[in-house]
Amino acid sequence: MLRRYKPLYLLLFTIIANCFILQAQEKPTTIYLIGDSTMADYTGDYDPDKDYMETRYPVTGWGQVFQQFFVDDSLSQIKNLIFGGQVIVDDRARGGRSTRTFFQEGRWRSVFENLQPNDIVIMQFGHNDAAENKPERYVDIEGYKEFLRLYVSQTREKGGLPIILTPVARNYPWENGVLKDVHGDYDIAPKEVAEEMDVNLIDLNRLSQAYFTSKGKDFVTKNYFMNLPAGKYKAYPEGQNDNTHFQPKGAEAIAQLVFNDLKRISSNTIKPKPYTIETTYEKLKKHYPEISPISEDKSSEIISIENVIYKTTKEKDLTADVFIPNKKKENYPAVLLIHGGGWISGSKENQKIMAQKLAENGYVAVSINYTLSTVAPYPQAVLDIKDALKWMRTHGDNLKIDTDKIAVLGASAGAQLATLVGVTPNNPSFKTSSSVSDKVQAIVNIDGITSFIHPEAEESEIAGKWLGGLRNENPTNWKSASPLEYVGENTPPILFVNSAQPRFHAGRDDMILKLDEYNIYAEVHTLPDSPHSFWLMNPWFQPTLKYTLDFLKKTLK
């Protein structure tokens with residue numbers, strides 16, 4: 001009997017196993033809470049050898065009750081902030097801690113070491129930073145801001161999302177039935193850091209003041225703060241008069257305010273979609289069933305040097321993959337490759353196969369990561385690419401690069417970036433710290449626009465995220481980031497390889513007209529019935545490679 005049902009048994013086992021595998025692959029989003037006692041979770045191992053109900057209850061940090069807000073129905077309301085369809089709240093807040101002591105005690109290190117891409121760090125300090133009468137906690141305003149900057153930058157370094165909170169209100173002072181501010185400069189400082197670093201801010205001080213005012217002083221004092229009568233709670237036999245810390249109802253009210261503002265942040269957030277060869281194939285195959293994704297073809301004819309650091313920024317190390325022909329001793333022409341992804345996603349791995357093919361054909365190919373709009377807005381990505389070119393020239397002999405023969409190649413948003421870099425050699429508007437030239441001798445534009453302000457250009461929130469606002473909100477950046485605006489007699493030759501989707505050609509024809517005025521060489525090839533991102537798929541990769549090699553032979557060799 002067992003043999004008779006064995007195939008069915010194995011089928012069920014396979015289905016169950018696959019379900020577990022899928023669940024394991026779908027990593028939940030962890031929300032780390034870092035801060036002070038008003039945020040802390042007093043249960044669990046907060047006091048390892050003590051019973052919370054006997055020694056501390058009813059004191060409750062708002063982080064202690066935060067997990068209950070992340071249920072299936074509510075997750076859809078913050079969908080642009082979370083990945084994996086599940087949220088785990090990890091409350092690391094601790095009583096008596098300021099931004100400085102939280103760092104000095106190694107509490108931040110523990111968070112930082114466990115941070116994964118797309119995790120969230122919510123930080124709320126200020127109560128103890130402002131305690132000038134307690135020097136073991138006190139941090140002056142500049143120090144307070146500096147530690148907030150540290151937590152923000154290191155969260156971003158790990159690919160996480162930082163959110164700054166102003167300190168929650170205390171239950172004083174009340175004037176004419178209105179709760180007033182008690183935090184002063186320690187309320188202003190987080191707002192200044194959030195503005196300076198383009199960080200999401202929840203103004204919890206203002207929100208909680210308004211909420212408590214709506215409830216009234218007497219209700220808030222009795223039900224929300226730790227003002228307790230004698231004899232009611234075992235942990236406080238003589239009662240308590242505390243207008244800083246919360247009872248459970250107060251903690252839940254504050255947690256609700258924070259969650260509500262997360263919904264606001266989510267609605268204003270563009271969630272980056274993974275942009276890889278695999279996700280592109282999944283997207284396109286239903287419309288183009290004959291396609292297949294390109295794949296690596298490792299060759300002994302090239303030398304690979306991967307994940308070498310070409311630049312260190314405040315947020316992270318920027319890395320490059322370098323592929324060098326292994327054929328002869330002299331230096332080779334070089335190509336810098338820029339990936340696409342709407343300035344908000346993507347990685348250098350998308351250009352790896354093109355880079356390998358270029359190296360097999362006699363070019364040093366350098367594929368880089370650059371700063372995405374989730375970390376820093378325009379023009380940071382442009383400056384990164386220019387620094388990559390300068391790095392290639394500085395290390396030309398070691399990388400076997402002929403520094404007088406460098407082209408820049410980009411796809412989609414990477415094509416816009418590559419073209420902008422190519423038409424602005426040594427431009428003072430995009431000045432970096434190095435004095436080495438960032439000039440290129442050729443540009444390859446694979447389905448990227450050449451103007452954000454051309455009549456053919458479509459406005460998008462993705463571009464607005466990078467350019468610091470929509471077109472009418474920041475027209476200066478929309479014009480400044482348009483390569484068409486810089487075309488002149490020193491513009492290098494350019495190759496356009498385009499899809500059959502007209503919106504990705506915006507400004508191209510007018511750019512060619514300008515190039516013709518200066519007798520500058522240009523080529524255009526449009527692949528019939530092709531989608532955007534065609535260069536990541538067969539059968540379009542090979543003609544794209546051929547057009548590129550033919551053009552580079554004319555312009556660099």
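Here are a few worked exercises on this predicted model.

**Exercise 1. Get your bearings: how many helices and strands does the protein chain have, and what share of its residues is buried?**

Step 1. Start with the secondary structure: the protein chain has 18 helices and 19 strands.

Step 2. Now burial. The protein chain has 557 residues, and 54% of them count as buried.

Step 3. Add the overall dimensions. Along the principal axes, the C-alpha atoms fill a box of roughly 90 × 80 × 45 Å. The accessible surface comes to about 25,800 Å², with 49% of that belonging to carbon and sulfur atoms.

Step 4. Check the contacts and the charges. Take the contacts with a separation of 6 or more: 75% of them are between residues 24 or more positions apart. On the charge side, there are 63 positive and 70 negative side chains, and the centres of the two sets lie 3 Å apart.

**Exercise 2. Work out the order of the strands in the 8-stranded open sheet, and say which strands are at its edges.**

Step 1. Walk across the sheet: the order is S11-S12-S14-S13-S15-S16-S17-S18, and the pairing is mixed.

Step 2. Look for strands that pair on one side only. Those are S11 and S18 (522-526), so to speak the two ends of your walk.

Step 3. Put a number on the twist: from one strand to the next, it averages 20 degrees.

**Exercise 3. Zoom in on S11 and S12: do they pair in the parallel or the antiparallel sense, and over how many bridges?**

Step 1. Locate the strands. S11 covers residues 302-312 and S12 covers 317-325.

Step 2. Read off the pairing, which is antiparallel over 8 bridges.

Step 3. Find the turn: S11 and S12 make a hairpin, with 4 residues between them.

Step 4. Try two pairs by hand. Thr312 has Asp317 of S12 as its bridge partner, while Ile305 stands opposite Val322 in S12.

**Exercise 4. Find which strands H13 and H14 lie across, then decide how enclosed H14 is.**

Step 1. H13 (residues 380-394) lies across S11, S12, S13, S14 and S15, and runs at about 125 degrees to S11.

Step 2. H14 (residues 413-423) lies across S13, S15, S16 and S17, at about 140 degrees to S15.

Step 3. Go through H14 residue by residue, with under 20% relative accessible area as the cut-off for buried. The buried residues include Ala413, Gln416, Leu420 and Val423.

Step 4. Conclude: 11 of the 11 residues of H14 are buried, so the helix is largely enclosed by the rest of the structure.

**Exercise 5. Hunt for backbone oddities: where are the cis peptide bonds at Pro379 and Pro539, and are Asn426 and Asp447 buried or partly exposed?**

Step 1. Tyr378 and Pro379 are joined by a cis peptide bond, with omega about 10 degrees. Pro379 sits in the loop between S14 and H13.

Step 2. Asn538 and Pro539 are also joined by a cis bond, with omega about 20 degrees. Pro539 is in the loop between S19 (537-538) and H18 (541-555).

Step 3. Turn to phi. Asn426 isn't a glycine, yet its phi is positive at about 55 degrees; its place is the loop between H14 and S16. With a relative accessible area of 44%, Asn426 is partly exposed.

Step 4. Asp447 also has a positive phi, near 60 degrees, and is found in the loop between S16 and H15 (461-467). Its relative accessibility is 0%, so Asp447 counts as buried.

Key
Residues numbered from 1 in each chain as written. Heavy atoms only, no water. Pairing = 2+ DSSP bridges. Axes fitted to C-alpha atoms, helices over the stretch in contact; angles between N-to-C directions. Contact = heavy atoms within 4.5 Å. Buried < 20%, exposed > 50% of the residue type's maximum accessible area, 1.4 Å probe, protein only. Areas by Shrake-Rupley, 256 points an atom, 1.4 Å probe, with all protein chains shown as cover. Lys, Arg positive; Asp, Glu negative; His and termini not counted. Charge placed at Lys NZ, Arg CZ, Asp CG, Glu CD.
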